[in-house]
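Please find below some notes on the model under review, set out as numbered points. They begin with a question and then proceed element by element.

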Amino acid sequence: MHEAGRERSWRRGETLLSEGSSPDDVILIGAGLVKVVRQSPNGYTSVLAVRGPGELLGELSCLDGRPRSASAVAMQPVTGVSVLAGRFLRLLEEHGGLALAVLRTVAGRLRDADRRRADQGAYAAGVRVARVLVELAVSHGVPVPAPAGALAVVVTQKDLAGAAGTSRESVVRILRDLHEEGLVTTVRGRLLVTDPEGLAQWGSG
């Protein structure tokens with residue numbers, strides 16, 4: 001897909017795709033992390049997912065031709081390839097392997113969305129926050145020199161609240177509890193998951 005599009009870059013906080021806009025293109029992330037968000041009428045921002053290198057943005061709207069259902073915002077400097085919608089659809093028609101890979105991606109994301117919806121009603125806020133942190137650590141965590149085995153996670157308290165379906169105040173309290181358990185810590189403004197396995201057990205409900 002790289003040859004089919006053009007290289008682009010976005011600053012931290014810049015919007016790559018806007019909710020409600022027409023599906024003009026898809027973006028293949030090359031570097032950096034992007035949060036997929038949806039704004040509710042009351043102003044609450046839900047973080048639906050975090051996408052990283054090698055992942056697509058905007059493919060679903062290009063497939064069904066409907067307006068974007070969410071916005072994509074850079075969590076850090078991001079680079080990627082923008083492919084026009086028409087070109088993307090032709091690539092899928094011409095390359096069955098690519099079409100199958102995109103289909104599997106869409107199916108996986110729908111399953112993840114179903115699981116997160118089920119979690120909202122089944123688990124307390126603390127468990128949901130722990131599960132989001134584990135998911136971020138496993139998928140996008142960056143190893144740090146110390147403590148051993150710790151993973152740095154790029155997420156703000158506000159975004160963590162939006163991803164777990166709770167308030168920022170609850171997140172502050174939960175992170176304090178997790179810190180006391182030795183599962184997370186903060187170093188130089190970065191959130192570190194110090195014990196990924198222990199956090200996963202804590203979030204098992």
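1. Against which elements do the buried residues of H5 pack? The coordinates are those of a predicted model. In this model, the buried residues of H5 pack against strands E4 and E5 and against three helices, namely H3 (96–122), H4 and H6 (168–180).

2. Helix H5 covers residues 157–164. Of its 8 residues, 6 are buried, so the helix is largely enclosed by the rest of the structure. The buried residues are Asp159, Leu160, Ala161, Gly162, Ala163 and Ala164. Gly165 follows the helix and has a positive phi, near 70°.

3. Asp159 deserves separate mention. Its relative accessible area is 10%; Asp159 counts as buried because this value lies under the 20% limit. Beyond its neighbours within four places in sequence, Asp159 is in contact with Lys35, Val47 and Met75.

4. Strands E4 and E5, both packed against by buried residues of H5, should be read as a pair. E4 (residues 34–39) and E5 (residues 45–51) are antiparallel and are joined by 6 bridges. Within this pairing, Val36 stands opposite Ala49 of E5. The two strands form a hairpin with 5 residues between them, and Gly43 in the turn has a positive phi of about 95°.

5. How are the strands E1, E3, E6 and E8 ordered in their sheet? The order is E1-E8-E3-E6, in an open sheet of 4 strands with antiparallel pairing. E1 (6–10) and E6 (56–57) are the edge strands; each has a single partner strand, so one side of each has no neighbour in the sheet. E3 (residues 25–31) and E8 (residues 78–84) run antiparallel and are joined by 6 bridges. Leu28 has Val81 as its bridge partner in E8. Helix H2 packs on this sheet, where it touches E3, E6 and E8, and its direction makes about 75° with that of E8.

6. Helix H2 comprises residues 85–94 and includes Gly86. Gly86 has a relative accessible area of 37% and is partly exposed. The C-alpha atoms of Gly86 and Val26 are separated by 9.9 Å, although the two residues are 60 residues apart along the chain.

7. A further open sheet has 4 strands in the order E9-E10-E12-E11, again with antiparallel pairing. Its edges are E9 (142–143) and E11 (184–187); each has a single partner strand, so one side of each is left without a neighbour in the sheet. E10 (residues 151–153) pairs with E12 (residues 190–193) in the antiparallel sense over 3 bridges. Val193 in E12 is the bridge partner of Leu151.

8. Helix H4 (residues 125–140) lies across E9, E10, E11 and E12 and runs at about 110° to E10. H4 is also one of the elements against which the buried residues of H5 pack. Helix H4 should therefore be inspected together with points 1 and 7.

9. At the surface, which residues make the nonpolar patch? Leu60, Leu63 and Leu89 make it, and its area is about 230 Å². Leu63 belongs to helix H1, which covers residues 59–64. With a relative accessible area of 42%, Leu63 is partly exposed; it can be part of the patch because this value is over the 30% required of patch residues.

Notes. Residues numbered from 1 in each chain as written. Predicted model: local features only at pLDDT ≥ 70, side-chain atom pairs only at ≥ 80, totals over all residues. Heavy atoms only, no water. Patch = residues over 30% accessible without salt bridge, like charges linked within 9 Å, V, L, I, M, F, W, Y side chains within 5 Å. Areas by Shrake-Rupley, 256 points an atom, 1.4 Å probe, with all protein chains shown as cover. Salt bridge = Lys/Arg side-chain N within 4 Å of Asp/Glu carboxyl O. Buried < 20%, exposed > 50% of the residue type's maximum accessible area, 1.4 Å probe, protein only. Pairing = 2+ DSSP bridges. Contact = heavy atoms within 4.5 Å. Axes fitted to C-alpha atoms, helices over the stretch in contact; angles between N-to-C directions.
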